[in-house]
Amino acid sequence: MAEAIDFTAQPRRGRFEAWLLDATAKGSNAQHGRRKQEVIGAMEGTLVEIGPGAGANMPYYRDGVHVIGIEPNPAMHERLRSHAEANGVDLEIRMLRGEHLDVDDASVDGVVGTLVLCGVTDQRQVLREIRRVLRPGGTYFFIEHVGARPGSTMRRIQKVLNRPHRWLLNGCEVHRDTAAVIESAGFAAVELEHTVMKPGLYLPDFIIGTATR
Ligand SMILES: C[S@@+](CC[C@H](N)C(=O)[O-])C[C@H]1O[C@@H](n2cnc3c(N)ncnc32)[C@H](O)[C@@H]1O
């Protein structure tokens with residue numbers, strides 16, 4: 001399990017990360033926007049987004065949904081609120097962590113988590129919480145950057161860069177094997193696609209998919 005980050009201890013780093021997420025959202029949405037539109041855009045009712053950051057997913061929520069944003073880093077909140085408002089999203093921000101959701105069992109219709117399992121302290125506990133709060137048949141939509149193939153040159157590069165990357169970006173790790181953790185989390189069905197971006201600097205590998213409770 002990774003070491004827990006105190007998000008209030010490094011406000012300058014927090015503001016930098018919020019700015020960076022905002023600045024890169026356009027590129028990230030150009031890459032994954034079609035899938036986001038397809039899956040997030042079809043979700044209805046009460047939804048939870050784990051780690052919404054600066055609000056990259058706000059343009060994809062349809063009218064009438066209520067989104068509970070679980071965002072422990074206060075440096076994200078202003079940008080997040082402003083993107084929700086600009087897109088007419090009924091967003092409620094809770095300063096909690098995905099490891100312990102203040103949400104009733106089987107009470108939400110969908111969960112969204114993009115680029116977030118790379119930085120949480122305990123992936124398995126977050127996935128347990130996602131499964132607990134989803135109603136039977138509810139969908140968890142994920143996009144995650146993951147470690148390159150074990151033994152590859154890229155994986156060796158990632159090992160070297162992990163420490164500075166983690167320091168700069170509040171706990172984000174570059175080489176987690178998240179696919180296996182999602183696949184073994186006890187969902188009724190998992191559909192997962194692995195893509196490799198070219199050029200992808202030192203984070204070329206992504207997984208994108210849905211898990212159904
Ligand atoms: C790389 S950003 C991704 C933001 C957004 N989902 C996106 O796709 O642009 C990761 C976000 O997860 C948040 N985060 C980190 N640890 C978390 C945890 N344990 N539970 C929930 N969110 C967390 C961070 O504060 C940050 O906003």
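## Exercises on a predicted protein model

In this chain, 68% of the contacts with a separation of 6 or more are made by residues 24 or more positions apart. The structure you see above is a predicted model. Let's work through it together.

### Exercise 1: The whole chain

**Task.** Work out how many helices and strands the chain has and in what order the elements run, then decide how compact the chain is for its length.

**Solution.**

- Step 1. Start by counting: there are 5 helices and 7 strands.
- Step 2. Walk along the chain from the N terminus, and the elements read α-β-β-α-β-β-α-β-α-α-β-β.
- Step 3. Now compare sizes. The radius of gyration is 16 Å, close to the 17 Å that the globule rule gives for 213 residues, so the chain is as compact as a globular protein of that length.
- Step 4. For a feel of the dimensions, picture a box of roughly 45 × 40 × 30 Å along the principal axes, which the C-alpha atoms fill.
- Step 5. Finally, look at burial: 39% of the 213 residues are buried.

### Exercise 2: The buried side of α2

**Task.** Find which residues of helix α2 (residues 77–86) are buried, and explain why they line one face of the helix.

**Solution.**

- Step 1. List the buried residues: Arg79, Leu80, His83 and Ala84.
- Step 2. Look down the axis of α2. These buried residues fall within an arc of 135 degrees, so they line one face of the helix.
- Step 3. Recall a handy rule: an α-helix has 3.6 residues a turn, so residues three or four places apart point the same way.
- Step 4. Ask what the buried residues of α2 pack against: α1 (11–39), β2 (66–70) and β3.
- Step 5. Turn to the face away from the buried side, where you meet the exposed residues Glu85 and Ala86.
- Step 6. Just after α2 comes glycine 88, with a positive phi of about 65 degrees.

### Exercise 3: α3 and the nonpolar core

**Task.** Identify the buried residues of α3, then follow valine 133 into the largest nonpolar core.

**Solution.**

- Step 1. The buried residues of α3 are Gln123, Val126, Leu127, Glu129, Ile130 and Val133.
- Step 2. They sit on the same side of α3, because their arc around the axis is only 160 degrees.
- Step 3. Among the elements covering these buried residues are β1 (46–50), β4, β5 (134–145) and α5 (178–183).
- Step 4. Pick out valine 133, which lies in helix α3. Valine 133 is buried because 22 other C-beta atoms lie within 10 Å, and 20 or more are needed to count as buried.
- Step 5. Beyond residues up to four places away in sequence, valine 133 touches Val48, Leu101, Val103, Asp105, Ser107, Val108 and Val111.
- Step 6. Now zoom out. The largest nonpolar core has 44 residues, and Val48, Val111 and Val133 have the most contacts inside it. Two or more residues each come from α1, β1, β2, α2, β4, α3 and β5, with β5 giving the largest share, 5 residues.
- Step 7. Check another of these residues, valine 111. Leaving aside neighbours within four places in sequence, valine 111 contacts Leu47, Val48, Ile50, Ile130, Val133, Leu134 and Tyr140.

### Exercise 4: Three loop residues

**Task.** Decide whether alanine 106, leucine 115 and glutamate 99 are buried or partly exposed.

**Solution.**

- Step 1. Alanine 106 is in the loop between β3 (90–94) and β4 (108–114). With 13 other C-beta atoms within 10 Å, alanine 106 is partly exposed. Its phi is positive, about 50 degrees, although alanine 106 is not a glycine.
- Step 2. Leucine 115 is placed in the loop between β4 and α3 (123–133). It has 20 C-beta neighbours inside 10 Å and therefore counts as buried. Leucine 115 also has a positive phi, near 55 degrees.
- Step 3. Glutamate 99 belongs to the loop between β3 and β4. Its 19 C-beta neighbours inside 10 Å make glutamate 99 partly exposed.
- Step 4. Glutamate 99 touches Val120, Thr121, Asp122, Gln125, Val126 and Glu129, not counting residues up to four places away in sequence. Take valine 120: it is 21 residues from glutamate 99 in sequence, with 8.0 Å between their C-alpha atoms.

### Exercise 5: Around the ligand

**Task.** Describe which residues come nearest to the ligand and which classes make up the shell around the ligand.

**Solution.**

- Step 1. Of the 22 residues around the ligand, the nearest are Gly51, Gly53, Ala56, Asn73 and Gly98.
- Step 2. Sort the shell by class: 12 residues are nonpolar, 7 are polar and 3 are charged.

Definitions and conventions
Residues are numbered from 1 along each chain as its sequence is written. This is a predicted model: local features need pLDDT of at least 70, side-chain atom pairs count only at pLDDT 80 or more; totals for chains, interfaces and linings use all residues. A residue is near a molecule or strand if its C-beta atom, placed from the backbone, lies within 6 Å of it. Ala, Val, Leu, Ile, Met, Phe, Trp, Tyr, Cys and Pro count as nonpolar, Asp, Glu, Lys and Arg as charged, and the others, Gly among them, as polar. Helices (H or I, at least four residues) and strands (E, at least two) are DSSP runs, numbered from the N terminus. A residue is buried if 20 or more other C-beta atoms lie within 10 Å of its own, exposed if 12 or fewer, and partly exposed in between; C-beta atoms are placed from the backbone. The arc is that of the directions from the helix axis to the C-beta atoms. Two residues are in contact if their C-beta atoms, placed from the backbone, lie within 7 Å. A nonpolar core is a set of buried Ala, Val, Leu, Ile, Met, Phe, Trp, Tyr and Cys residues joined through C-beta atoms within 7 Å. The radius of gyration is taken over C-alpha atoms; the globule rule is 2.2 Å times the number of residues to the power 0.38.
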